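Open the model in your viewer, keep the sequence panel beside it, and follow the stops below in order. At each stop you will be told what to select and what can be found there.

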Amino acid sequence: MVVLNEDCQPDFQALQNAFEIGRSLDIVYYLFDAPFLNGHDVRQQPVEQRRRALQDLLEDHNHGPLRFSSAFSASHQDILESACAMALEGVMGKRAGSHYVSRRSADWIKLKCRLRQEFVIVGYTQPKGSRNGFGALLLAVHANGGKSPLLYAGRVGTGFNEAKLAHLHEHMQALQCRKSPLDKPLTSAQARGVHWIKPVLVAEVEFAQWTRDGVVRQAAFIALHSDKPQTQIVRESALNATEIEAAQSPANAPAKTSNGITVRASEQRQTVAGVSISHPDRVIDTESGIRKVELAEFYQQISDWILPQLSNRPVALLRAPEGILGEQFFQKHADRLAIPNIKQLDPKLDPGHAPLMEIDSLKALIGAAQMGCIEFHTWGARNDQIEKPDRVIFDLDPDPALPWRSMLEATQLMLTVLDELGLQTWLKTSGGKGMHLIVPLRRHADWPTVKAFAKAMAQFMTRQLPERF
């Protein structure tokens, strides 16, 4: 049983959340075998026969909560390598012709993918029971390398023998300090019984995956490393197929600089519209293969069209610094990392918060690309009268099961009603799946009035045409 994220990959933390709040709607059950079908015991049938019967049973239901788990006939090495490159947890294998047994068996194996990278050791906990030395190591990574803040990344309590425990404990006792080296304090529960140490030791750790909170799961200690300074320890990303191909291409071979230092192409910078683009070859979208520098160049090409829509309005940015498969977050205020060349608006526009932002120039637009911005969401009001909206947007999203013609019919119905009210409407089709109906407004009404009108319209359409809306 899994909860899938937007990229159709299992999200363990979302599954935990679903159990905690009692929400089963998002849980999907992948079926890969069946010991019983329609009241019959089929455990003595070969696995291929059981799976064929299961697939026939699920044929008409494979888009609901029950899904059939497909098989792959390529070599297990290739399948496992692909699964690990996609940051999946692994692959299950069943021996052809095998029967179903209700116990551990060599006929049914799990080939696990394990992520591995270095972490900075920032502390340790007291040992429990008969264990000597320490209980677990507290791990951290730098936000962006160098002198950037250390972020908590979880802890590791397995992988040690008695010799490692004693050796590490002796090392860490000499490094003890009173204050946490982390940028943000831990919760009282996380910090209970922790001995902080100076962040100089680097450990290689194997683990199952990252949670959305930036903490490792199922971690196991591998070894201490002395060949890499702690300032270089950052969160590493699993490569996808496009990135693997890119990394193996001649363009990404090591390049010599004038002073003899070797750097990879991905560490070099390029300039777009006078703005420096770091990691220009980072893949933003694995499906298209578009790179960070290409996104910046695209923004430059469409600047004549997009800048008039961004100017004189506060903007919220959807950022994906590691690409769309990594963490995504909205930035509404200028309180995170500064966007190069972006305009900060008068703090009085949003009292009690950091300044709102505006993109009013080509350099600010490219600066947003440098910071991994993949979507721009402007306010429905302009800076000079922030409390008087000049547009209202009706966002029509289709049910995934509906054909596109249903979307068109719903749009035409909305347009008809808005036309009857004497409101001129413009269509915007650049969204992910639906349609935006944009109605320009004279700036007379305030936000509560406009929001009440939008709600009344939605309620009217659902009452009049419940089979459509």
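Begin with Pro-440, which counts as partly exposed because its relative accessible area is 42%, a value that falls between the limits of under 20% for buried and over 50% for exposed. Keep in mind throughout the tour that this is a predicted model. Pro-440 belongs to strand 29, which covers residues 435–440. Now add Arg-391 to the selection: although Pro-440 and Arg-391 are 49 residues apart in sequence, their C-alpha atoms are 4.3 Å apart in space. If you set aside the neighbours within four places in sequence, the contacts of Pro-440 are Asp-390, Arg-391, Gln-424 and Trp-426.

Strand 29 also leads to the next stop, since it is one of the elements that give two or more residues to the lining of the second largest pocket. This pocket has a volume of about 1,400 Å³. To find its centre, select Phe-376, His-377, Lys-428, Ser-430 and His-436, which are the closest to that centre among the 34 residues of the lining. Besides strand 29, the elements that give two or more residues are helix 7 (292–301), helix 8 (303–310), strand 26 (373–378) and strand 27 (391–396). Which element provides the largest share of the lining? It is strand 26, with 5 residues. If you colour the lining of this pocket by residue type, you should find 16 nonpolar, 11 polar and 7 charged residues.

Move next to Ser-98, in the loop that runs between strand 6 (90–94) and strand 7 (108–112). Is Ser-98 buried or exposed? Ser-98 is buried, because its relative accessible area is 7%, and the limit for buried is under 20%. Leaving out the neighbours within four places in sequence, Ser-98 is in contact with Gln-45, Pro-46, Val-47, Arg-50 and Asp-107.

Ser-98, Arg-50 and Asp-107 are also among the residues that line the largest cavity, and you can complete the selection with Asp-33, Lys-94, His-99, Tyr-100, Val-101, Arg-103, Ser-105 and Trp-108. The space in this largest cavity is about 80 Å³. Its lining divides into 3 nonpolar, 3 polar and 5 charged residues.

For the following stop, select Phe-119, Leu-137 and Met-172, which touch the most other members of the largest nonpolar core, a set of 35 residues. Two or more residues of this core come from each of strand 8 (115–125), strand 9 (137–142), strand 10 (150–156), helix 4 (162–173), strand 11 (194–196) and strand 12 (202–207). Centre the view on Met-172 and, not counting residues up to four places away in sequence, you will see that Met-172 touches Ile-121, Tyr-124, Phe-134, Leu-137, Ile-197 and Leu-201. There is also a second, separate core of 24 residues, and you can locate it by selecting some of its members, including Ile-277, Met-357, Met-371 and Cys-373.

Finish at Cys-177, which lies in the loop between helix 4 and helix 5 (188–191). Cys-177 counts as partly exposed, because its relative accessibility is 26%. Apart from its neighbours within four places in sequence, Cys-177 is in contact with Trp-196, Ile-197 and Lys-198. As a last step, select Gln-9 together with Cys-177: the two are 168 residues apart along the chain, and their C-alpha atoms are separated by 41 Å.

Key. Residues numbered from 1 in each chain as written. Predicted model: local features only at pLDDT ≥ 70, side-chain atom pairs only at ≥ 80, totals over all residues. Heavy atoms only, no water. Helix = DSSP H or I, 4+ residues; strand = E, 2+ residues; numbered from the N terminus. Buried < 20%, exposed > 50% of the residue type's maximum accessible area, 1.4 Å probe, protein only. Contact = heavy atoms within 4.5 Å. 1 Å grid on protein atoms, 1.4 Å probe; cavity = no way out; pocket = protein on both sides within 12 Å on 5 of 7 lines; lining within 4 Å. Points joined across faces, edges and corners; volume = space filled by probe spheres on them. Nonpolar A, V, L, I, M, F, W, Y, C, P; charged D, E, K, R; others polar. Core = buried A, V, L, I, M, F, W, Y, C linked by side-chain atoms within 4.5 Å.
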